[in-house]
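Please take a moment to look over the sequence and the model below before reading on.

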Amino acid sequence: FRIMAGKVKWVTDIEKSVLINNFEKRGWIQVAENEDWNFYWMSVQTIRNVFSVETGYRLSDDQIVNHFPNHYELTRKDLMVKNIKRYRKELEKEGSPLAEKDENGKYIYLDFVPVTFMLPADYNLFVEEFRKNPSSTWIMKPCGKAQGKGIFLINKLSQIKKWSRDSKTSSFVSQSSKEAYVISLYINNPLLIGGKKFDLRLYVLVSTYRPLRCYMYKLGFCRFCTVKYTPSTSELDNMFVHLTNVAIQKHGDDYNHIHGGKWTVSNLRLYLESTRGKEVTNKLFDEIHWIIVQSLKAVAPVMNNDKHCFECYGYDIIIDDKLKPWLIEVNASPSLTSSTANDRILKYNLINDTLNIAVPNAEIPDCKWNKSPPKEVLGNYEVLYDEEMAQSDGTDRDLRGRPGQSTGVKGSRARDSGKPVLTTWK
């Protein structure tokens, strides 16, 4: 089959093997010899070239790509926070019950992203917030990097070594004008298992933003640190304590190459059900699903909803010791390399199931079809939210009057949390 030179990058051997096998199964190899169509599996860099006005590329109806043109509205750390803040304000202006605040002015339902500022632009606002609680710990991340690169923790203003004050203007400037940072309040009370911090990597497929249609992959996993967690300020520089990224943890002395410091989501569920109860566990996962839907709704109005596009995002979620989930970031190119045997199986199936939804029924791609595949092709995916279906059924409400009647991804009744239940998916 034909791939246009210079426009596609195989990120891993898994991607290549899965795609080739998938194409052969569908009979696409033979069809493609006639150069009648192209399926593009692209990196986030090459996608810009395809939709750039300067290049002059025009995709035909039988060509689809695996990123939205401006995916960075969700996957750049600063833009994600910016869009979620805008979404909150819009809901507040509309008088939506979702934007309700408590007596301290804190969002009751939309408080799922840690307090975050952009540097250098919001430096003065950050200092003002920092001085309200000078004993707090903050985490600094470069906006455009991944795999834990460039991240460090601070608990004193003097520790921001990569930035400096401009004495003439009294404004805050970066030593590198090319690189912006976000600084977020560090979740210093994470839920620990075996004394170690972990986060969740969940995969979410979006086939269209308008109307929003997204799918949750059931085979996510937890990533554990190799060193036991401590909030001690003496360990702020020890990334093996604080950062769950495999790219960092694999260099630790205690890294286990057999299981890779990973648990499946199903194992986490079993653990929580046995230690906290099934009802509490179900409520936690309902809230995680709800956070994901709200983050997608936040960027939907600004996303370039090109009909040739779909995208599989990697969501990073941290759970604190009160079982409150926090959205940390969203990845446009979640790692598809395999560090363990289980990893390879999971990611092989992930790519295969993604393809079956993006182009179902083993047919030649057609970007004009309505992108609502039959249930039998979903594999390990399940429908998380279908805006079109929800609206047609009259069930697309942000809050339901009676608590305890939320419809989850599997149609089950959510638990009564003692507050109005959020209803955001079919």
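The paragraphs that follow go from an open sheet to a hairpin, and then to an enclosed space and a helix.

This is a predicted model, in which local features need pLDDT of at least 70 and side-chain atom pairs count only at pLDDT 80 or more, while totals for chains, interfaces and linings use all residues. Residues are numbered from 1 along each chain as its sequence is written, and side-chain values use heavy atoms, with hydrogens and water left out.

A useful starting point is the open sheet of four strands, which has the order S3-S8-S4-S5 with antiparallel pairing; strands are DSSP runs of E with at least two residues, helices are runs of H or I with at least four, and both are numbered from the N terminus, while two strands pair if DSSP finds at least two bridges between them. Strand S3 (116–119) and strand S5 (152–154) stand at the edges with a single partner strand each, so one side of each has no neighbour in the sheet. S4 and S5 are paired in the antiparallel sense over three bridges, and Met-140 stands opposite Phe-152 in S5. Val-182 has its place in strand S8, and its C-alpha atom is separated by 5.4 Å from that of Lys-141, although the two residues are 41 residues apart along the chain. Val-182 counts as buried because its relative accessibility is 3%, where buried means under 20% relative accessible area, exposed over 50% and partly exposed in between, with a 1.4 Å probe and protein chains only.

Strand S14 is largely enclosed by the rest of the structure, because nine of its nine residues are buried. In a regular strand, side chains alternate between the two faces of the sheet. In S14, Glu-311, Tyr-313, Tyr-315, Ile-317 and Ile-319 point one way, while Cys-312, Gly-314, Asp-316 and Ile-318 point the other way. S14 pairs with S10 in the antiparallel sense over seven bridges, with Gly-314 as the bridge partner of Tyr-203. Six bridges join S14 to S15, again antiparallel, and these two strands form a hairpin with five residues between them, where Leu-323 in the turn has a positive phi of about 60°.

Where do Ile-318 and Lys-141 lie in relation to the largest cavity? Both are among the residues nearest the centre of this cavity, which is lined by 32 residues.

Finally, the 18 residues of helix H11 (residues 341–358) should span 26 Å at 1.5 Å a residue, and its end C-alpha atoms are 26 Å apart, which agrees; the expected span is 1.5 Å times one less than the number of residues.

Conventions
1 Å grid on protein atoms, 1.4 Å probe; cavity = no way out; pocket = protein on both sides within 12 Å on 5 of 7 lines; lining within 4 Å.
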